[in-house]
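Dear colleague,

Please find below the sequence and the structure that I am handing over to you. My notes on the findings follow directly after them.

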Amino acid sequence: METIYTAKHKLRDARTELFGGQLVAPFERPSRAEHVIARIREEGLGAVSDPDDFGMDPIHAIHPQHFTDFLRTAWGRWKEAGFEGEAIPTSWPARRMVDRPPRHIDGLLGYYALSAETSLTESTWDAAYASAQVALTGAERLQEGASAAFALCRPPGHHATADMYGGFCFLNNAAIAAQHMLSHGACRVAILDIDFHHGNGTQDIFYDRDDVLFISLHGDPLDAYPYFLGHAEETGMGAGQGHTLNLPMPPGTTFAVWREGLARALSKIAEYGADALVVSLGVDTFENDPISFFKLRSEDFLTTGQDLAAANMPTLFAMEGGYAVEEIGINAVNVLQGFEG
Ligand code: Q9C
Ligand code: ZN
């Protein structure tokens, strides 16, 4: 299958992540995508292409202009305010406060952030924009008749809501790609999120819609980031009622159990009758992932790819998380090779 990739992902290269009360080197780092692309080339998975440029319109079909304006200008405003480090929010509109954007950049960061681990830096916007174009190009390939494509997105996207960034995500690549397909003739799209973390952003974006089915397998939010969304009781609202399915799982979950969740997801997707499937492909379900608690082994990712292929749908894979950097190439490409059979 074809991979869409750009070296522009390297523009996202923060020095800091707030973790355990310390500023550490970010888990979400450029070497992640470099390991994946190296493995794709080694294994001869298929062509590797640069993304096309679809401009801002398909991004604005998901994210409001005030949010993209914020992401584009935040770093300059942060520097102008005289701060020395990377831009990290520290104040939020917490319970019983007002939902009104402050003037000062220090407050505005909290207004637009979900969480504090994701530092904004000088060229973050350029990388996020390029990552969305990678996803859009993959979606376009499916529109042109390809049966599958791999969008090697970095930075990832599934935690980003229409108007909030965080969890290493800025623009919701999978949502932008799904909406692009819907805007160009698809009637229904299913998004299956197999990243370890709940895809809160994608869920939130499509929560009241019936043209997107969103299903997520993830660490129980009682125990895992993003903590405040992803419970089994969340099933959609209004027209979207019944079009969200969450399958939270506890610490130590093994592939045998996880695969039962995958089977449930795939049978619901078959019932839904989508024109295309978008897989939010995180491999942080791996047993040696440094920030997650599932126990999938490398060979389990091959089986996962096989199970996904049995759904027999045009499938766009969009890269999300995975932080065991040495194994991320093997694990991600195993899914794609399992899919190709
Ligand atoms: N103590 C993705 O995989 N930090 N994002 C968790 C745990 C945020 C993960 C803190 C993890 C975000 C795309
Ligand atoms: Zn994740």
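How far apart do the end C-alpha atoms of residues 28-335 lie, and how much of the span is helix and how much strand? In this predicted model, the end C-alpha atoms of that span are 20 Å apart. Helix accounts for 39% of residues 28-335 and strand for 12%. The span was chosen from the UniProt record, an unreviewed entry, which lists residues 28-335 as "domain: Histone deacetylase".

As regards confidence, the chain has a mean pLDDT of 98, and 100% of its residues reach 70 or more. The scores for the model are an ipTM of 0.96 and a pTM of 0.99.

I turn next to the ligand. Ligand 1 is surrounded by 14 residues, of which the closest are Pro 156, Gly 167, Phe 168, Tyr 225 and Gly 321. By class, the shell around ligand 1 consists of five nonpolar, five polar and four charged residues.

Two cis peptide bonds deserve your attention when you inspect the backbone. One joins Arg 154 and Pro 155, with omega at about 0°. Pro 155 is placed in the loop between strand S5 (148-151) and helix H6 (173-183). The other joins Tyr 225 and Pro 226, with omega at about 10°; Tyr 225 is also among the closest residues to ligand 1. Pro 226 belongs to the loop between strand S7 (212-219) and strand S8 (244-249).

A further backbone feature concerns Arg 96. Its phi is near 70°, which is a positive value in a residue other than glycine. Arg 96 sits in the loop that runs between helix H3 (65-80) and helix H4 (105-112).

Finally, there is a helix pair to report. The axes of helix H8 (residues 255-272) and helix H9 (residues 298-309) come within 11 Å and cross at roughly 15°. Because angles under 35 degrees count as roughly parallel, H8 is described as roughly parallel to H9. The crossing of these two helices, H8 and H9, is right-handed.

Yours sincerely

Conventions: Residues are numbered from 1 along each chain as its sequence is written. Chains are lettered from A and ligands numbered from 1 in the order in which they are written. This is a predicted model: local features need pLDDT of at least 70, side-chain atom pairs count only at pLDDT 80 or more; totals for chains, interfaces and linings use all residues. UniProt positions are given in the numbering used here, feature names are shortened, and annotations may be inferred rather than shown by experiment. Helices (H or I, at least four residues) and strands (E, at least two) are DSSP runs, numbered from the N terminus. A residue is near a molecule or strand if its C-beta atom, placed from the backbone, lies within 6 Å of it. Ala, Val, Leu, Ile, Met, Phe, Trp, Tyr, Cys and Pro count as nonpolar, Asp, Glu, Lys and Arg as charged, and the others, Gly among them, as polar. pLDDT is the predictor's confidence in each residue, from 0 to 100. Axes are lines fitted to C-alpha atoms, for helices over the stretch in contact, and angles run from 0 to 180 degrees between N-to-C directions. Angles under 35 degrees count as roughly parallel, over 145 as roughly antiparallel, 65 to 115 as roughly perpendicular and the rest as oblique. A crossing is left-handed if the near helix is turned anticlockwise from the far one by less than a right angle, and right-handed if clockwise.
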